[in-house]
Amino acid sequence: MTDIATQAGHTLRAVHPPKSPRRLSGGPRAGTVLAFVTPFFLPFVLFYLVPVGYALWQSFRVVRRTGGQYGTSYTTFGGFEQYGQVFQNSEFWASIGRIGLFGIVQVPVMLFTALIIALLLDTPLLRFKAFFRITAFMPYAVPGVIAAIMWSYLYSPQLSPVVELLGGIGVEADFLGPGAVLWSAANVSTWLWTGYNMLIMYSALQSIPQELYEAARIDGATNWTIAWRIKVPIILPSIVLTTVFSIIGTLQLYAEPAVLRQISSHISSTFTPNMLAYAVASGNNYQQAAAISVVIAVITFVLSFGFMRLTSKRAGL
């Protein structure tokens, strides 16, 4: 009986094979996904990954000469020789120290100013919010080079109405002097990027449920208490995000000091790491410039990633 039942079961399965699961008609097809991803992925590979890979490859190459200084030159693999020259370059470390001081002062000032503006725009007591929001964000619409040119007129001793006004009350202001030119560039960056960071923080404030504020007011909280005890902790991930963006932007500083260099003799061609890389590349030493760029990228990654790791748990990231 068992053999007959087993044989009958095999016969039924042969006649009526189990149905294969159907493809869900609502699921995305590979071709559709590829069509949406390609417009981003292709330029990303061509204009980001390929240049980065090429710069990394160039940083391991050196130029040799046969037959003395005026002999034939050729490029060959040099290992970490270019990186050794970067770390032995005093101008590189001077630019890193200069940009580090810039970031320690400028980034907190800029982000604190952006946070204050965002909190003021979010308060129910402020009128004409749209006007003040657009006004605060407007400097970001100005290209960095144009902003630096605008501010260079305000810094120039011969043209600046600010210098003339301060001189009229007995204050000698030299915004382009050796002790002030770094902070003049920092002021341009702060004016330019505060509105951008403010908008990120303000958008995060807009996502907070109003019920939290109503409950806090019922408990007797003032607007000041709501701002610093409720709003700021909730938007802390946005503050961390803007800080990371600011760290990356600080190490990429180029336009502001490069423009101010045209009117100030206290800004050298190696004032910032990016300016140093450009100056070296202008001397046809592309391999050394590539090594400097790779080192800058590594420092940027370490600082930004390290900051995120330190603040991720507290910010809820």
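The lining of the largest pocket comprises 9 nonpolar, 7 polar and 1 charged residues. The model is predicted. The pocket encloses about 390 Å³ of space. It is lined by 17 residues, of which Trp-193, Phe-245, Ser-246, Gly-249 and Thr-250 are the closest to its centre. Four elements each give two or more residues to this lining: α4 (90-122), α8 (181-206), α11 (236-251) and α12 (255-260). The largest share, 5 residues, comes from α11.

Two of these pocket-lining elements, α4 and α11, also pack against each other. Two packed helices are described by the angle between their axes and the distance between the axes. For α4 and α11, the angle is about 145° and the axes lie 10 Å apart. The crossing of α4 past α11 is right-handed. On the α4 side, the contact is made by Ile-99, Phe-102, Gly-103, Gln-106, Val-107, Met-110, Leu-111 and Leu-115. Their partners in α11 are Ile-239, Thr-242, Thr-243, Ser-246, Thr-250 and Leu-251. By class, this contact has 8 nonpolar and 6 polar residues, with no charged residues. Ser-246 and Thr-250 thus appear in two settings: they belong to the α11 side of the helix contact, and they are among the residues closest to the pocket centre.

Helix α7 (residues 161-168) has features at both ends. At its start, a side-chain oxygen of Ser-160 comes to within 3.1 Å of the backbone nitrogen of Val-162. After α7 comes Gly-170, with a positive phi near 90°.

Technical notes:
Residues are numbered from 1 along each chain as its sequence is written. This is a predicted model: local features need pLDDT of at least 70, side-chain atom pairs count only at pLDDT 80 or more; totals for chains, interfaces and linings use all residues. Side-chain values use heavy atoms; hydrogens and water are left out. On a 1 Å grid over the protein atoms alone, a cavity is a set of points where a 1.4 Å probe fits but cannot get out, and a pocket is an open set with protein on both sides within 12 Å along at least five of seven lines; lining residues have an atom within 4 Å of a point. Grid points are joined across faces, edges and corners, and a volume is the space filled by probe spheres set on the points. Ala, Val, Leu, Ile, Met, Phe, Trp, Tyr, Cys and Pro count as nonpolar, Asp, Glu, Lys and Arg as charged, and the others, Gly among them, as polar. Axes are lines fitted to C-alpha atoms, for helices over the stretch in contact, and angles run from 0 to 180 degrees between N-to-C directions. A crossing is left-handed if the near helix is turned anticlockwise from the far one by less than a right angle, and right-handed if clockwise. Contact means heavy atoms within 4.5 Å. A polar contact is a pair of N or O atoms within 3.5 Å; within protein, one must be able to donate a hydrogen and the other to accept it, and residues adjacent in sequence count only if both atoms are side-chain atoms.
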